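Me: I'd like to get better at reading features off a model. Could you walk me through one?

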Amino acid sequence: MTLLTVGLNHNTAPLAVRETAAFPPEQFDDALGDLLRLPHVEEGAILSTCNRTELYAVTDAPGDGTLRDWLCRQRGLSAHDMSGHFYVYRDRDTIRHTLRVASGLDSMILGEPQILGQMKDAYRSARAARGTGPLLTRLFEHSFAVAKQIRSQTDIGANPVSVAYAGVSLARQIFADLSETCAMLIGAGDTIDLTARYLAEIGVSRMVFANRSVERAQALATRYHGYAIALADVPAHLAEADMVIASTAAPGYIVHFSQLKAAVKRRRRKPMFVLDLAVPRDIDPAAGELEDIYLYSVDDLQGVIDDNLRSREQAASLADGMLDARIEEYIDWLDSRRATDTIKALRRQAEAERDEVLDKARRRLARGDDTDAVLAFVGRTLTNKLMHPPSATLRHARGAHQQELLTGARELFQLEEPEHDKDDDDIT
C-alpha cells in the first residue's frame with residue numbers, strides 16, 4: 001500500500017485554475033463518496049480550499065493517474081491542460097507534505113492558522129464517510145499534534161502579515177485610546193472582514209459598514225455589532241468616523257477630496273485616520289494634504305508586513321528542522337505496523353501448515369501406523385515445510401542482495417557465523 005497525495009495549490013496553479021478545481025460545499029460529500037468507491041482506494045480524504053485542492057489516499061494503484069484522472073472528471077477539467085499544475089507525493093514525501101500543510105508552512109501567507117481548521121474539517125468529513133482507516137487516521141492526527149507543537153515552540157504565528165493587521169497596528173499608533181473611536185469600513189470582502197475582527201479585538205466601540213450591496217454590509221454589521229449603510233450614504237456619515245478603512249474592487253475613487261475636506265470641517269479638526277487598502281485606490285490621494293487627515297496606502301504598510309514576514313521565515317526554518325524527527329515517528333509507527341502484519345501472516349501460515357501435518361498424522365495413527373514413525377513424520381515434514389521457502393530464497397539470491405538476506409537471517413534466527421559443511425548440498 002502507498003500513501004499518496006495528488007493536488008494543486010497557489011504555487012502550481014493560478015487563481016482561475018484553483019477556482020475550477022475546488023469542490024463547492026454542496027458537491028463535497030458526493031465527491032468524497034465517489035472517491036472512496038474507486039477500486040484501488042483503501043482510504044481517502046479531500047482537502048479543498050481557495051488556495052489548494054488535494055486528494056489523500058492509501059492505494060495499491062501502480063501510479064497516480066487514477067486520482068488525477070478522477071479529479072479532472074469530477075471538476076470537468078482537461079487532464080492534458082491540468083498536467084502541469086499537479087504535484088504528486090508518495091509515502092515519506094506525503095508525510096512531510098501533510099505535516100507542512102497542517103503547520104502553515106506550505107501556505108500562501110506563511111504560518112496562517114486557518115489551514116489547520118480546514119484540514120480538521122477534511123478529516124472529520126472523511127471519518128464520517130468511513131474513508132479513514134489506520135494509516136490516514138494516524139497521519140492526520142499526527143499532523144495536528146505536530147502543528148500544535150510548531151505553533152507553541154516557534155514564532156511562526158506570532159506576527160501577523162496581512163495588510164489588515166498592519167493597518168490596525170498603525171491605527172493604534174495614532175489613537176491613544178480606541179475604546180471611544182468609531183470606524184467606517186468600506187467594502188465587504190475578506191480584507192474588511194479581517195480588519196473588523198482586529199478592530200473588535202482591540203476594543204473599537206463602534207463600526208459602520210458601507211458597501212454597494214447593503215445586504216453584505218448588514219451581514220458584517222450583525223457579526224461585529226455595528227450598523228450598515230449604502231455606499232451612496234458614505235459622505236453623510238464621514239464626519240462620524242475617527243478612522244476610515246476602504247478595500248473595494250471599484251475602478252475609481254469611492255471617497256473624494258471634497259468629501260473628506262467637508263468631514264474634517266464638521267469634526268472641528270478632530271484627527272481622522274484614513275487607510276486605503278484597495279488596488280486601484282478607493283480614496284483620493286490628494287486628501288493626504290489636508291490637515292488632521294492621516295492617509296495611508298498599502299505601500300505605507302509594506303515595512304510592517306516585511307518585518308513580520310522575516311520573523312516568520314526564521315521561525316519556518318526552525319519548524320522545518322523540527323519536522324524531520326516527527327516524520328520519523330510516523331515512519332517508525334508504520335514500520336512497526338507492517339512488522340506486526342508480517343508476523344501475523346507468518347504465524348497464520350505456520351499454523352495452517354501445522355494443522356495440515358497434524359491432520360495427516362492423525363489419519364496415520366487411526367489406521368494403526370507406529371507412533372514413533374508418525375512423530376518422526378511430523379517433525380520431518382514440519383521442518384521441511386517451514387524451512388523450504390526461506391532456504392530457496394537464500395539460495396537463489398545473488399550478490400549484495402544475498403549477503404543482505406544472509407545477514408538478516410542470522411540476526412532473525414540468532415545464528416552463529418556458519419561453517420562450511422560437507423552435507424550442505426542436502427539442504428532443501
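What follows is a short dialogue about sheets, helix packing and single residues in this predicted model.

Me: Let's start with strands. What holds the strands of a sheet together?

Reply: Strands of a sheet pair through backbone hydrogen bonds, and the pairing is either parallel or antiparallel. Here, 4 strands make an open sheet, ordered E2-E3-E1-E4, with antiparallel pairing. Strands E2 (41–48) and E4 (87–90) are the edge strands, each pairing on one side only. From one strand to the next, the twist averages 15 degrees.

Me: How many bridges join E1 and E3?

Reply: Strand E1 (residues 2–9) pairs with strand E3 (residues 52–59) over 8 bridges, in the antiparallel sense. If you want a spot to look at, find Gly7, which stands opposite Glu54 in E3.

Me: And which helices pack on that sheet?

Reply: Take helix H3 (residues 65–75): it packs on the sheet and touches E1, E2 and E3, with its direction at about 140 degrees to that of E3. H7 packs on the sheet as well, touching E1, E2 and E3, and its direction makes about 35 degrees with that of E2.

Me: Let's zoom in on a residue in that sheet. Where does Thr2 sit, and what does it touch?

Reply: Thr2 is in strand E1. Its relative accessible area is 22%, so it counts as partly exposed; the cut-off for buried is under 20%. Leaving aside neighbours within four places in sequence, Thr2 is in contact with Ala57, Val58, Thr59, Arg90 and Asp91. You can also check a C-alpha separation: Thr2 and Arg92 are 90 residues apart along the chain, and their C-alpha atoms are separated by 9.9 Å.

Me: On to helices. What do I look at when two of them pack?

Reply: Two packed helices are described by the angle between their axes and the distance between the axes. Try helix H5 (residues 92–102) with helix H7 (residues 134–153): they pack at an angle of about 45 degrees, and their axes are 8 Å apart. That angle makes H5 oblique to H7. The crossing of the two is right-handed.

Me: Which residues make the contact between H5 and H7?

Reply: From H5 you have Thr94, Ile95, Thr98, Leu99 and Ala102, and from H7 Leu139, His142, Ser143, Val146 and Ala147. By class, the residues of this H5–H7 contact divide into 6 nonpolar, 4 polar and no charged.

Me: How do H5 and H6 cross?

Reply: Their axes come within 8 Å and cross at roughly 120 degrees. H5 and H6 are therefore oblique to each other. Thr98, Val101 and Ala102 of H5 meet Ile115, Leu116 and Met119 of H6 in this contact. The class count for H5 with H6 is 5 nonpolar, 1 polar and no charged residues.

Me: What about Ser125 in H6: where does its environment come from?

Reply: Ser125 lies in helix H6 (residues 114–128). At 25% relative accessibility, Ser125 counts as partly exposed. Not counting residues up to four places away in sequence, Ser125 touches Phe28 and Leu32. Asp29 is 96 residues from Ser125 along the chain, with 7.8 Å between their C-alpha atoms.

Me: Now some parallel pairing. Which sense do E5 and E6 pair in, parallel or antiparallel?

Reply: Strand E5 (residues 182–186) and E6 pair in the parallel sense, over 5 bridges. One pair to locate is Ala183 and its bridge partner in E6, Met207. As for burial, 5 of the 6 residues of strand E6 (residues 206–211) are buried, so E6 is largely enclosed by the rest of the structure.

Me: How is E9 covered on its two faces?

Reply: Both faces are covered: Met272, Val274 and Asp276 on one side of E9, and Phe273 and Leu275 on the other, are all buried. That fits the count for strand E9 (residues 272–276), where 5 of its 5 residues are buried. E8 and E9 pair in the parallel sense over 4 bridges, and Val244 has Val274 as its bridge partner in E9.

Me: One last residue: is Ser247 buried or exposed?

Reply: Ser247 counts as buried, at 15% relative accessibility. It sits in the loop between strand E8 (243–246) and helix H12 (257–266). Setting aside residues up to four places away in sequence, Ser247 touches Ile186, Gly187, Thr191, Ile192, Leu277, Ala278 and Asp282.

Terms used:
Residues are numbered from 1 along each chain as its sequence is written. This is a predicted model: local features need pLDDT of at least 70, side-chain atom pairs count only at pLDDT 80 or more; totals for chains, interfaces and linings use all residues. Side-chain values use heavy atoms; hydrogens and water are left out. Buried means under 20% relative accessible area, exposed over 50%, partly exposed in between (1.4 Å probe, protein chains only). Contact means heavy atoms within 4.5 Å. Axes are lines fitted to C-alpha atoms, for helices over the stretch in contact, and angles run from 0 to 180 degrees between N-to-C directions. Angles under 35 degrees count as roughly parallel, over 145 as roughly antiparallel, 65 to 115 as roughly perpendicular and the rest as oblique. A crossing is left-handed if the near helix is turned anticlockwise from the far one by less than a right angle, and right-handed if clockwise. Ala, Val, Leu, Ile, Met, Phe, Trp, Tyr, Cys and Pro count as nonpolar, Asp, Glu, Lys and Arg as charged, and the others, Gly among them, as polar. Two strands pair if DSSP finds at least two bridges between them.
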